[in-house]
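Reader: I'm new to this one, so could you walk me through a few spots?

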Amino acid sequence: MKITLTKQFILRCFLISLFLSIPLIFLHLFSPQPITNTTTKDLRIRPGYTSYENYIQRQLNKTLNPKLRKIWTTRDWNRKIPVFARFFEELKEKNLLQNTSKALCIGARVGQEVEALRRIGVIDSVGIDLVPYPPLVVKGDFHNQPFQNDTFDFEFSNVFDHALYPEKFVGEIERTLKPKGVCVLHVALSRRADKYSANDLYSVEPLVEMFKHSDLVHVRSVDGFGLDTEVAFRKKLKQPRSL
C-alpha cells in the first residue's frame with residue numbers, strides 16, 4: 001500500500017512539473033534569441049542584435065527615415081550619380097562591365113547606382129533593398145536575394161558593412177552571378193562605418209576567403225563616399241561533373 005502511494009505521489013509530482021515547464025519551453029522557443037556569428041581578427045560582427053527581426057527593423061529605421069530619403073532623392077541624387085558613373089566607366093575600361101551586362105545593385109536605397117549604370121549604357125540594371133523604389137529598386141533582402149541562380153553578369157554593392165551574415169551575403173552574390181560574372185564591392189578598411197553597420201572589415205582577406213567560387217580580380221583604392229577600397233571578383237566557370 002505504501003509503495004503504491006509513493007508511485008502515485010511521484011507520478012503526480014512529475015505531471016505537475018511537466019505542466020509548469022510547458023510555458024517556459026514555449027517562451028524559449030518563440031522569444032527572440034541572441035544572434036551568434038563568426039568573428040575573426042579582420043572581420044568583426046557588431047554585438048547588440050537580439051534577433052534577425054531586430055536587425056531588420058534597425059536597417060528599416062535608416063531606410064525609411066524621411067529626412068534621409070529626401071536627401072537621397074534630391075541633394076545626393078545629383079551629387080552621387082556622376083561619381084558612380086565614373087566608377088562604372090572605369091570598370092568598363094577594364095572589361096569587367098559591358099553595356100550588354102545584366103546588372104544588380106545590392107542595397108541600392110533609391111537607386112542612385114542603378115541610374116548611373118543606365119546613364120552609361122548598362123540599361124538592363126536593377127537594385128534591391130528592403131524598401132522598394134520603383135522603377136529602379138525592387139524589394140529584396142540581400143541575405144536572401146529574390147532571384148534565380150546564374151541571373152546576373154555584374155553585381156555591385158557598397159553596403160557590405162550592413163551584412164549581419166557576411167558569408168550569406170557573399171553566398172547569395174555567387175549564387176545569382178553567372179559563371180564569369182563580376183562582383184565589385186566598395187568597402188571601408190581604414191575607418192569604421194556608421195551606427196547602422198553590422199560588421200567591421202579590417203582587410204580584404206575575409207572577402208577572399210568567403211568568395212569560394214570566384215577569383216580575385218583586383219583591389220584598388222577609391223574615394224566612395226566614406227568607402228576607401230574597391231574589391232572585384234570574377235565567378236569561376238562551373239566544373240564539369242566527373243563520370
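Reader: Which residues make the nonpolar surface patch?
Author: Patches take residues with over 30% relative accessible area and no salt bridge, joining nonpolar side chains within 5 Å. This one covers about 210 Å². Its makers are Val 208, Leu 216 and Val 219.

Reader: Before going on, what kind of model is this?
Author: Residues are numbered from 1 along each chain as its sequence is written, and side-chain values use heavy atoms, leaving out hydrogens and water. Local features need pLDDT of at least 70 and side-chain atom pairs 80 or more, while totals for chains, interfaces and linings use all residues, as the model is predicted.

Reader: Is Ser 101 buried or exposed?
Author: Ser 101 sits in the loop between helix 4 (75-93) and strand 2 (103-106). Buried means under 20% relative accessible area, exposed over 50%, partly exposed in between (1.4 Å probe, protein chains only). With 3% relative accessibility, Ser 101 is therefore buried.

Reader: How far apart are the closest N and O atoms of Lys 178 and Asp 153?
Author: The two form a salt bridge, meaning a side-chain nitrogen of Lys or Arg within 4 Å of a carboxyl oxygen of Asp or Glu. Lys 178 is in strand 6 (residues 177-187) and Asp 153 in strand 5 (residues 152-157), 25 residues apart. Their closest N and O atoms are separated by 3.5 Å.

Reader: And which helix holds both Glu 115 and Arg 119?
Author: These two also pair in a salt bridge, at 2.9 Å. Glu 115 is buried at 19%, whereas Arg 119 is exposed at 52%. They lie 4 residues apart, about one turn, in helix 5.

Note on methods:
Helix = DSSP H or I, 4+ residues; strand = E, 2+ residues; numbered from the N terminus. Patch = residues over 30% accessible without salt bridge, like charges linked within 9 Å, V, L, I, M, F, W, Y side chains within 5 Å. Areas by Shrake-Rupley, 256 points an atom, 1.4 Å probe, with all protein chains shown as cover.
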